[in-house]
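Trainee: I would like to take a close look at a single part of this structure and to see how that part fits into the whole. Could you guide me through one region in detail?

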Amino acid sequence: MSEHDMEEVALLLVAPSKGILAADESTGTIKKRLESINVDCTEETRRDYREMLFTADGLSDYISGVILYDETLRQSAKDGRRLADVLKDQGIIPGIKVDMGAKPLAFSEGELVTEGLDGLRDRLAEYYELGARFAKWRSVITIGDAAPSQYCIDTNAHALARYAALCQEANIVPIVEPEILMDGSHSIDECYAVTETTLKSVFDELYKQRVVLEQMLLKPNMVISGSDCPEQAGTDEIAAKTVYCFEQTVPVAVPGVVFLSGGQSEAQATENLNTMNQLDNQPWEISYSFGRALQATALKTWGGRPENVAAAQSALLTRAKLTSAARNGKYSSDMEAAG
Ligand code: 13P
């Protein structure tokens, strides 16, 4: 594959009307999701759930790529096809989460650093063979009394850039995800300040480590009030502050910004994405890489029962259609009821 192909993959992932489905929950996280619908978490139930999502007919109208977890990339559907091939057969690009999770950061109580660089070059080569054409690494930044420290921000930014450079060496498009958590009572302006500082550090490291900006995507949080903040900013303020923050920090060579939903409800995340896409022309595609905000209703509708597969797939398609409308700035909350 040539460099050109990585640019093409990055652009395909943020093609008009399309965005990414994040279905890369680690075994611990998917266990919580399955327990929320009273389903035991086994290799088989994890496979059945993901197979339900990936075989939804027409998913590729709205979804360009799906991020998988290591186990899922190796699993097969009931008809024997590998799940990665089920996606490819639908015209959807398989991606892979490659970080090994956020662990306590030494000498900085309560802060986290994402691990997974050791052996990453070899893992990426294998993931390419298994069909992955893009990857994800998530760093986690928490806002608290004295947090985040610049040390935490810079250490995570350094690791993100090391990951991104290794991906590009392996012809895999890196999705760079520095997530500022919405947990906490902080204001939207505190979220703005931390997001700006973090993105500056991330792009500084990406530059130092020679990452090609045209061949990556940024997966950021929205600039939003902390979930326990008594004053919750509305969608116009969220959209204006988020886009302004990117104007200060994200080079125009980056083809796209694909948001995480981060614990916002499906409707909230969709509305905010829509408002951003209604603002005047931006240099990047502004799209989605939602996990919970695409899956929540589909998961509940499925409930682990084979007889609910069709209804759950229909719920996923409805949600994806609304999110796609928002990615084009064409969503309105009336569409929620209409489906
Ligand atoms: P959420 O949209 O549920 O935040 O998940 C996106 C994701 O991939 C987080 O790493």
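Mentor: The following account begins with the whole chain, turns to one helix, and ends with aromatic rings.

The model is a predicted one. Its protein chain contains 13 helices and 10 strands. With a radius of gyration of 19 Å, close to the 20 Å that the globule rule gives for 339 residues, the chain is as compact as a globular protein of that length. Along the principal axes, the C-alpha atoms fill a box of roughly 50 × 45 × 40 Å. Of the 339 residues, 56% count as buried. Among contacts with a separation of 6 or more, 79% are between residues 24 or more positions apart. The accessible surface comes to about 14200 Å², and carbon and sulfur atoms account for 48% of that area.

Consider now helix α10, which covers residues 266-278. The helix has 13 residues and reaches 19 Å from its first C-alpha to its last, close to the 18 Å expected at 1.5 Å a residue. Its buried residues are Glu 266, Ala 269, Thr 270, Asn 272, Leu 273, Asn 274, Thr 275 and Met 276. When you read such a list, keep in mind that an α-helix has 3.6 residues a turn, so residues three or four places apart point the same way. What do the buried residues of α10 pack against? Their partners are the helices α9 (235-249), α11 (292-302) and α12 (309-327), together with the strands β9 (256-259) and β10 (285-290).

One of these partners, α9, leads to the aromatic rings, since helix α9 holds Phe 246. A pair of aromatic rings is described by the distance of the centres and the angle of the planes. The structure holds six aromatic pairs. In one of them, the rings of Phe 246 and Trp 284 have centres 6.1 Å apart and planes at 90°, so this pair is edge-to-face. The pair links distant parts of the chain: Trp 284 lies in the loop between α10 and β10, 38 residues apart from Phe 246. Are these two residues buried or exposed? Phe 246 is buried, because its relative accessible area is 0%. Trp 284 also counts as buried, because its relative accessibility is 4%, and the cut-off for buried is under 20%. Ring pairs link Phe 246 and Trp 284 with Phe 259 into a cluster.

A ring can also have a charge over it: the charged end of Arg 133 sits over the ring of Tyr 128, 3.6 Å from its centre.

Notes. Residues are numbered from 1 along each chain as its sequence is written. This is a predicted model: local features need pLDDT of at least 70, side-chain atom pairs count only at pLDDT 80 or more; totals for chains, interfaces and linings use all residues. Side-chain values use heavy atoms; hydrogens and water are left out. Helices (H or I, at least four residues) and strands (E, at least two) are DSSP runs, numbered from the N terminus. The expected span of a helix is 1.5 Å times one less than its number of residues. Buried means under 20% relative accessible area, exposed over 50%, partly exposed in between (1.4 Å probe, protein chains only). Contact means heavy atoms within 4.5 Å. Rings of Phe, Tyr and Trp (its six-membered ring) pair if their centres lie within 6.5 Å; planes under 30 degrees apart count as stacked, over 60 as edge-to-face and the rest as tilted. A charge sits over a ring if NZ of Lys or CZ of Arg is within 6 Å of the ring centre and within 35 degrees of the ring normal. The radius of gyration is taken over C-alpha atoms; the globule rule is 2.2 Å times the number of residues to the power 0.38. Accessible areas come from the Shrake-Rupley method with a 1.4 Å probe; for residues, only the protein chains shown count as cover.
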